[in-house]
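Q: Could you take a close look at one part of this model for me, the largest pocket and the packing around it? I'd like to know which residues and elements build that region.

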Amino acid sequence: MKNMVWRLLRRNISAGQLAGYALANFVGLAIVLTALQFYRDVTTVWDDDDSFMTRDYTVVSHKVTGLGSLTGSSDGFSEGDIAGLGAQPWVRRVGAFTASAYNVSASVEMGGRGMSTALFFESIPDEFFDALPSDWTFDPSNPVIPVILSKDYLSLYNFGFASSRGLPQLSEAMIGMVPLRVSVSGNGRQQWFPARIVGFSSRLNTIAVPQQFMDWANARFGEGPVAEPSRLIVELSRPGDPAIKEYMDSHGYEMSGDNADNGKASYFLTVVTGVVVAVGAVISLLSFFILMLSIYLLLQKNRDKLHDLMLLGYSPAAVSRYYAIIVVAVNAVVLALSITAMLVGRAAWQSPLSRLGIDVSSPWMTILTGIVIMTVITAVNLAAIRRAMRRYF
């Protein structure tokens, strides 16, 4: 009896309409999944910019004017400036650089030759580091100063100073073993400390020491009150947002390094991905209306047959089950083909991205997204079929 009912109902089913729906839905869903996976694969490159500073951090300072450079004065950030910056919607949090209020010099002996130079120290709160060395602490009873150095400084030494003076070039691992002696003086006091370079940063252009040491040394050797911070470290929630540049220009601030360029690239990629996903979503939505129109036309064509089935004792749910099977089967095929298309595209760009040093992400999150999208579409289709059956019959 079921086969007879099925043969009766499928007589007016248009294979062309179902194929049109399946094709449109496949194109739309394939575009959405492929765009999402490509975005996830490409954006992993911004997660590897630095060993302990993430890509969402930038350093903000006042623009230097000619008058300021001649007089030696520098603009600091007041508490109101910091609060105003922290209140922006594209800012997660703001931290201040604490500068040393004392004199610093360092000496080292290498190859039987000694060197000494004046230095400066800065510190930032520990929570603004993504990962810290295990010995990033300072204890006045065992005063060894850990230092994080900019990679640019090491390059200047190796390819500028060392090559011109006949000194040995040092790798990051070797320089971490070089013993340093640091002189801290001020407020009528002077003290020598052993120091060790424990890490390097390609994004933090400073000589960083722990906040504990900075607070202790400023209190002991500082001459006068600590000045307002001249630089801020900002964690951004939307790198590349055009509002960032507008705010910086209107307040006379500038961002250091290449964070702004990376943020613009990330923001541009986000916009492009959003446009592509929107196009795919529109195509999928149009395919949904194609299917619903086909179902309504089919119900109208089979109105008399369905009415006879109702008189024979078939319920609307029992009759609509056959149409539901068609929808579920077609959507399952569309989902499988869309995931296959996404995986084929991923395989095509995986090799070029690997040559650029970019590790692609797992496709399982994208596959799960496709399953969720198709589940929602199928549920809406089935609900529309049941509603149409109840309305007509």
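A: Happy to. Please keep in mind that this is a predicted model. For orientation, the protein has twelve helices and twelve strands, and 40% of its 393 residues count as buried. Among contacts between residues at least 6 apart in sequence, 82% join residues at least 24 apart.

Now to the pocket itself. The largest pocket has a volume of about 680 Å³ and a lining of 25 residues. Nearest its centre lie Met-115, Thr-117, Leu-119, Leu-149 and Tyr-157. For anyone thinking about chemistry, the make-up of the lining is 22 nonpolar residues, three polar and no charged. Six elements each supply at least two lining residues: strand 4 (103-110), strand 5 (113-119), strand 7 (145-150), helix 5 (151-165), strand 8 (180-186) and strand 9 (189-201). Helix 5 gives the largest share of the lining, five residues.

Several of these elements turn up again in the largest nonpolar core, which has 29 residues. Within this core, the residues with the most contacts are Tyr-102, Phe-121, Ile-145, Val-182, Val-184, Val-209 and Phe-213. Two or more core residues come from each of strand 4, strand 7, helix 5, strand 8, strand 9 and helix 7 (211-221). As a general background, nonpolar side chains in soluble globular proteins tend to be buried together.

Val-209 is a good place to see this packing up close. Leaving out residues up to four places away in sequence, Val-209 touches Phe-121, Glu-122, Ser-123, Trp-136, Ile-145, Pro-146, Val-147 and Met-214. Of those partners, Phe-121 and Ile-145 are also listed among the core residues with the most contacts.

Helix 7 deserves a look of its own. Its buried residues are Gln-211, Phe-213, Met-214, Ala-217, Asn-218 and Phe-221. These residues sit on the same side of helix 7, because they cover an arc of only 155 degrees around the axis. The cover over the buried residues of helix 7 includes strand 3 (98-99), strand 6 (122-123), strand 7, strand 8 and strand 9.

Strand 8 belongs to both stories, since it supplies residues to the pocket lining and to the core. Arg-181 is found in this strand, and it counts as partly exposed because its relative accessibility is 45%. The C-alpha atoms of Arg-181 and Ser-107 are 5.4 Å apart, although 74 residues separate them along the chain. Besides Ser-107, the contacts of Arg-181 beyond four places in sequence are Ser-105, Ala-106, Trp-192 and Phe-193.

Between strand 8 and strand 9 there is a loop that holds Asn-187. The backbone of Asn-187 has a phi near 60 degrees, a positive value in a residue other than glycine. With a relative accessible area of 40%, Asn-187 is partly exposed.

For a contrast with these partly exposed positions, try Phe-77, in the loop between helix 3 (66-71) and helix 4 (79-86). Phe-77 counts as buried, because its relative accessibility is 1% and the cut-off is under 20%. Phe-77 and Ser-230 lie 153 residues apart in sequence, yet their C-alpha atoms are 6.0 Å apart. Setting aside neighbours within four places, the contacts of Phe-77 include Val-60, His-62, Ile-82, Pro-229, Leu-232 and Tyr-253.

Technical notes
Residues numbered from 1 in each chain as written. Predicted model: local features only at pLDDT ≥ 70, side-chain atom pairs only at ≥ 80, totals over all residues. Heavy atoms only, no water. 1 Å grid on protein atoms, 1.4 Å probe; cavity = no way out; pocket = protein on both sides within 12 Å on 5 of 7 lines; lining within 4 Å. Points joined across faces, edges and corners; volume = space filled by probe spheres on them. Helix = DSSP H or I, 4+ residues; strand = E, 2+ residues; numbered from the N terminus. Nonpolar A, V, L, I, M, F, W, Y, C, P; charged D, E, K, R; others polar. Core = buried A, V, L, I, M, F, W, Y, C linked by side-chain atoms within 4.5 Å. Buried < 20%, exposed > 50% of the residue type's maximum accessible area, 1.4 Å probe, protein only. Contact = heavy atoms within 4.5 Å. Arc of directions from axis to C-beta.
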